[in-house]
Amino acid sequence: MTDETTQSTTRVATANVKQKSKGFSPVWVIPIVAALLGGWMVFQNLLEEKLTVTVKFKDAGGLVKDKTLVKYRDIVVGKVTDVHIEHGAGDINVVLQFDDVDPEAITESTRFWVVKPRVGLGGVTGLDTLLSGSYIEVDPDLKGEPATEFIGLDEPGIHQLGNPGTRYNLQAYRLGSVGRGAPVKYRDINVGQVSRYELAEDNSTVEIEIFIRAPYDKLVKKDTRFWNISGLEVDAGAEGFALKMASVATLIAGGIAFNNNDESTAAQAPAHSVFTLYDSEDDEIIAAEVAFSVPMKLYFDDVQGLEEGAPATYKGLRIGTIDQVSIEEDDDNQVMLTFAMLKIEPDRLPGKLSNRFDSDDKRTKGVHRFFEALATRGVRAQLKTGNLLTGKALVLFDDSRQVEPASVEYVDGVAVFPTIPQESFEAIIAKVDSILAKIDAIPIEKIGSNLAQTSSNLAQTTTSVNEVPIAEIGDNLAALTAKLDKLPVGQIGKDLAETLASLEALIETLNAAKGGVLGVQTHKALTEIGRAATALRGMAEYLERHPEALLKGKK
Amino acid sequence: MASQVSNAKDQGIAGCHTCGLAVNMNNQSHVECPRCGSEVHYRKPNSVSRACAFLIAAFIMYIPANTEPMMRTTALGSEEADTIMSGVLYFLSAGEWYLALVIFAASVMLPLLKIIAIGYILVSIQRGSAQRQMEKTSLYRIAEILGKWSMLDIFVVGLMVMLVQLGNLTAIDPGPAVIAFALVVILTMFAEEALDPKLIWDQTE
């Protein structure tokens, strides 16, 4: 053994001696680090408390468990972990799990909706979901208490966070062509949009929710008025025709406009305030101005052509609107009386005798005083056909000279203003008759016979020209001149002038005549008569300048 | 047999790990190689405990490597995260059973078998077992050769992440399991490196 060892020592290199301290092997740090790392990897999902909420949807088409994502502005914030049908209710419960969302952000006012492809007049949305599948959009709101049970929206909403603005509710009689996403305009500037609409619970109105972006939401005050600017509006009233269209976009998708009283310094209306949506700007203006009105009753024998909303004018100024046309029984005489209720709008009265901020009582008294003064001055209300084509009538307050004095009476606090009857149709016919009589009176036959005589004389003259000496011709000429002088040119002219005047009067009268088909026919007749009158006038003028035309004919 | 064969340790000689020079240890456990200056021991120092530490670390990382997603595929807005097993199941359901087999073998079975093999060798060394020394050595050799192939998965993910980046259309991103899996492979290689196979033969009946 020793030999062997010595042998090997000689063959094997001798090592340098090296001392090394012994201790805890640092290699054991590795499994500790691995354990920490692996533990963190595996348990991070379990340790992290994930917020889970349940949303009820009516329609959960395309939602897949563990696959459908929850997104906030296209950023994935969670996923659907369960989809099941709620027994009995018919709703679909969708359980959502958020990845990393502050539970404070998911409050009771948070809204959820399903994003899927939608094609509407306002545009195509959610096209990307055609390929990727539907997803749930969450619209967090920091206001309110945290909640875990929600009801999903049927229609996509508009984000609340990072989209400052205010929501308001409008009530409309009907939706018109207002659609989701339709613009809301203030002085033609886009300031918001329609976020959704639904039938009111009692089905009496349509509730439209609109979203006005900041800072424009400050423009919405308590007295702000909204109206529909959808589509094309053709308005044929007593005042004529009107054609209105806000923009091509609103023609297709509809739209809503709003406006304030210019002086309005009121504070911004609180969110979710309810406003009335008027059908048109006209309606809105009317509504604005009849916000305060004084009722007035007008009795007419005949209210044909008078409709609700027809204007009442004084010397061409609009002072009120017909509110109601109706009939009532006179207590004493057992006679049916037709009447019109008029809303006098103090803001429109000449001279503005009432202030917006006065009490209603004071304003009413001011209006009554104004009309009492009118009545004593001989002003009477009268029905007049405003539009010959449609036959619509309006109420005219006008000075009438020959009337018995009358004054404003008050029945149950409602002023009854004296009226005078409309010019009757018989009166118009009588006028037409007198015109015809005057036309009859034109001595056409006499003119004719005179002409015949003249021409025969002329023929005689012509035949005797060769035989008769010059002097005799002169005599004949003198005689001819005398005969010509006898022609009643003056009378013809006078008659024609009279006829024209009568025709003018007739046209005026007919302008005010009863309308409808009769109106159209009368109008045609008038045009014909007018043309005849023009022809007659032309003839008269020509004859005055060229009396010889009677003999020689028109050159 | 083995008892009759005298080994270098019995003769007080150790081979340098670096240059292979046979060094007379002069009854020391740590010496410096006179030729290249490396440390020379009879056996790799702390071999069993180091291999054990690496092996435990590898086994710990094996868990997230399999439970966490390996690859996140985003296609047209919908995101899908796949673990190794879900990938295997996907290929199975798609009828590509040979692909599923390759992935399962290379990514699930191989690292696990390697951990078990080294663990078995370590335990038997610790218990001083002198049985089946030949088989254990073969096992060690096989583990050393095949273990490297586990990196296949990492390469596949690396290539996919690099190639499939089509913006919104399709994108593949690595998941946390990639790191865990890479660590499993690396740590088992360290463990096998730390383990001195000579220790298998130190025990003689």
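**View 1. Leu526(A) is partly exposed, with 19 other C-beta atoms within 10 Å.** Welcome to this predicted model; our tour starts at a single residue. Leu526(A) sits in helix H11 of chain A, which covers residues 516–545. A residue counts as buried once 20 or more other C-beta atoms lie within 10 Å of its own, so with 19 of them Leu526(A) stays in the partly exposed class. Look also for Glu504(A): this residue is 22 positions from Leu526(A) along the chain, and the two C-alpha atoms are separated by 9.7 Å.

**View 2. Seven strands of chain A form an open sheet.** Following the sheet across, you meet the strands in the order S7-S10-S4-S5-S6-S3-S11, with mixed pairing. Strands S7 (111–115) and S11 (149–151) stand at the edges; each has a single partner strand, so one side of each is left without a neighbour in the sheet. On average, neighbouring strands here are turned by 35° against each other, direction ignored. As a general reminder, strands of a sheet pair through backbone hydrogen bonds, either parallel or antiparallel.

**View 3. A hairpin joins S4(A) and S5(A).** Strand S4 of chain A spans residues 69–72 and strand S5 spans residues 75–85; the two pair in the antiparallel sense over four bridges. One pair to find is Lys71(A) with its bridge partner Val76(A) in S5(A). Two residues lie between the strands, and Arg73(A) in the turn has a positive phi of about 50°.

**View 4. S5(A) goes on to form a hairpin with S6(A).** Here the antiparallel pairing runs over seven bridges, and His84(A) stands opposite Asn93(A) in S6(A). Six residues separate the two strands, and Gly88(A) in the turn has a positive phi of about 85°. Is Gly90(A), in the loop between S5 and S6 of chain A, buried or exposed? Gly90(A) counts as exposed, because 9 C-beta neighbours lie inside 10 Å. The C-alpha atom of Gly90(A) is separated by 9.7 Å from that of Asp59(A), a residue 31 positions away along the chain.

**View 5. Strand S3 of chain A pairs with strand S6 of chain A.** S3 (residues 52–57) and S6 (residues 92–98) run antiparallel and are joined by six bridges. Asn93(A) in S6(A) appears again in this view, now with Lys56(A) opposite. In a regular strand, side chains alternate between the two faces of the sheet.

**View 6. Chain B holds six helices and seven strands.** Reading along the sequence gives the pattern β-β-β-β-α-β-β-α-α-α-α-β-α. Chain B has 205 residues, of which 34% count as buried. Among its contacts between residues at least 6 apart in sequence, 63% join residues at least 24 apart.

**View 7. Helices H3(B) and H4(B) pack at an angle of about 150°.** Two packed helices are described by the angle between their axes and the distance between the axes. For H3 (residues 97–126) and H4 (residues 133–147) of chain B, the axes are 10 Å apart, and the crossing is left-handed. Residues of H3(B) in the contact include Leu110(B), Ala117(B), Ile118(B) and Ile121(B), while those of H4(B) include Leu139(B), Tyr140(B), Ala143(B) and Leu146(B). By class, the contact has eight nonpolar, two polar and two charged residues. Lys114(B) in H3(B) and Lys136(B) in H4(B) also belong to this contact.

Technical notes: Residues are numbered from 1 along each chain as its sequence is written. Chains are lettered from A and ligands numbered from 1 in the order in which they are written. This is a predicted model: local features need pLDDT of at least 70, side-chain atom pairs count only at pLDDT 80 or more; totals for chains, interfaces and linings use all residues. A residue is buried if 20 or more other C-beta atoms lie within 10 Å of its own, exposed if 12 or fewer, and partly exposed in between; C-beta atoms are placed from the backbone. Two residues are in contact if their C-beta atoms, placed from the backbone, lie within 7 Å. Two strands pair if DSSP finds at least two bridges between them. Axes are lines fitted to C-alpha atoms, for helices over the stretch in contact, and angles run from 0 to 180 degrees between N-to-C directions. A crossing is left-handed if the near helix is turned anticlockwise from the far one by less than a right angle, and right-handed if clockwise. Ala, Val, Leu, Ile, Met, Phe, Trp, Tyr, Cys and Pro count as nonpolar, Asp, Glu, Lys and Arg as charged, and the others, Gly among them, as polar.
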